[in-house]
Structures are given as C-alpha cells and as structure tokens.
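Here are some notes to read alongside the model. They go point by point, so feel free to follow along in your viewer.

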Amino acid sequence: MRTIAILAAGLTAVLSPIAATGQSMTPMRGEVRSFADAFAVRVFPGNPYNQRIRVEVHVYDQDFQPVDAKITPSAFLLAGQASRPVLVVVPFDGANERKVRICTESIPFPSEQTQIRAQICGKFFGHRRF
C-alpha cells in the first residue's frame, strides 16, 4: 500500500507540469485609449499541445455577461505548438470607460473521449477620449 502511495505521489509530481501548461493567451491584461465609439485589442491564443485544438474567443463584462463585440476570427482550429492573432473590437455603448474580459476557450472535438472545455480570460480596460 505504501508503494502505491509513493508511486501516486511521483506520478502526480511528474504530470503536474503537463497539466499546468494548458492553453494560453497573451496579453492577459491591457489598457486601451480610443477616440472612437469602440476600442480594439489584439490577443494571441496559444496551443501548447502537440495536437490541434478548436478555439473560440468570447468577450464578457465584469459579471461574465456576454458583450456584443466583433471578434475576427471568433472560432478556428489552432495547430499544435502554435498561436495566432485575433482582433477584438469592443463598443463603449455610450460609456466613457469599459472593463471587459476576453476569453479563449478550447472546444473538445466530438469524437474525443475527454470532453473538457478549458477557458482562460484576460482583463482589458478601455478609455474613451474626445
């Protein structure tokens, strides 16, 4: 029994770095000044795995309610060990400031055994200048 506990602890230590290298997105936070009715942010979702993943990008307010933002592209396949730029344009909706969360979500393929949906979000703050 003690051998199993030691083996389990060793296996956990070996696999922990693998679990910690989940999908990524850069930058994770930012502040943008804009003279228009919207502000733009370019984020770079990344795939640290060797196999491709399906990625969707979503924008939420501070309470995680969806924001009607333009995301180009909003969904795509991302090759293993790759990243790509995504342009997000967020409207101010009449306000002078807006805080949003831009989230990258990996969507499992239907044929895969594991159906875990991972999400990583960054915080962004837009200031409207006149």
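1. Let us start with phenylalanine 64, which is placed in the loop between strand S4 (53–60) and S5. The model is a predicted one. Phi of phenylalanine 64 is near 60°, a positive value in a residue other than glycine. Most residues other than glycine have a negative phi, hence the mention. With a relative accessible area of 40%, phenylalanine 64 is partly exposed.

2. A word on confidence before going further. The mean pLDDT of the protein is 83, and 78% of its residues reach 70 or more. Over residues 1–21, however, pLDDT stays under 50, and the model has 2 contacts beyond four places in sequence for that stretch. Please read that part with this in mind.

3. How many aromatic pairs does a search of the whole structure find? There are 2 aromatic pairs. In one of them, the ring centres of phenylalanine 39 and phenylalanine 92 are 5.3 Å apart and the planes meet at 45°, so the pair is tilted. Phenylalanine 39 belongs to strand S3 (residues 38–47) and phenylalanine 92 to the loop between strand S8 (86–91) and strand S9 (97–107), so this pair ties together parts that are 53 residues apart in sequence. Both phenylalanine 39 and phenylalanine 92 are buried.

4. Phenylalanine 64 comes back here: with tyrosine 60 it forms a tilted aromatic pair, 5.8 Å centre to centre and with 45° between the planes. Is tyrosine 60 buried or exposed? Tyrosine 60 counts as buried because its relative accessibility is 15%, and the cut-off for buried is under 20%. Its partner phenylalanine 64 is partly exposed, at 40%.

5. Two charged side chains also sit over rings. The charged end of arginine 84 is over the ring of phenylalanine 76, 5.0 Å from its centre. The charged end of lysine 99 is over the ring of phenylalanine 125, 5.5 Å from its centre.

6. Now for the strand pairing. Strand S2 (residues 29–34) and strand S10 (residues 118–128) pair in the parallel sense over 6 bridges, and serine 34 has arginine 128 as its bridge partner in S10. S9 and S10 pair in the antiparallel sense over 10 bridges, with serine 106 standing opposite alanine 118 in S10.

7. Arginine 128 has another link worth a look. Its C-alpha is 7.9 Å from that of alanine 38, although the two are 90 residues apart in sequence. Alanine 38 is in strand S3 and counts as partly exposed because its relative accessibility is 22%. Not counting residues up to four places away in sequence, alanine 38 touches Val89, Val90, Pro91 and Phe92.

8. The loop between strand S6 (75–78) and strand S7 (82–83) holds alanine 79, and glutamine 81 lies there as well. Alanine 79 is partly exposed at 43%, while glutamine 81 is exposed at 53%. Beyond its neighbours within four places in sequence, alanine 79 is in contact with Asn47 and Arg52. Phi of glutamine 81 is near 60°, again positive in a residue other than glycine.

9. Finally, please check two peptide bonds, given that most peptide bonds are trans. The bond from threonine 26 to proline 27 is cis, with omega near -15°; proline 27 is in the loop between strand S1 (24–26) and S2. Threonine 72 and proline 73 are also joined by a cis bond, with omega about -10°, and proline 73 lies in the loop between strand S5 (70–72) and S6.

Conventions:
Residues numbered from 1 in each chain as written. Predicted model: local features only at pLDDT ≥ 70, side-chain atom pairs only at ≥ 80, totals over all residues. Heavy atoms only, no water. Helix = DSSP H or I, 4+ residues; strand = E, 2+ residues; numbered from the N terminus. Buried < 20%, exposed > 50% of the residue type's maximum accessible area, 1.4 Å probe, protein only. Contact = heavy atoms within 4.5 Å. Phe/Tyr/Trp six-rings, centres within 6.5 Å; stacked < 30°, edge-to-face > 60°. Lys NZ or Arg CZ within 6 Å of the ring centre and 35° of its normal. pLDDT = per-residue confidence, 0-100. Pairing = 2+ DSSP bridges.
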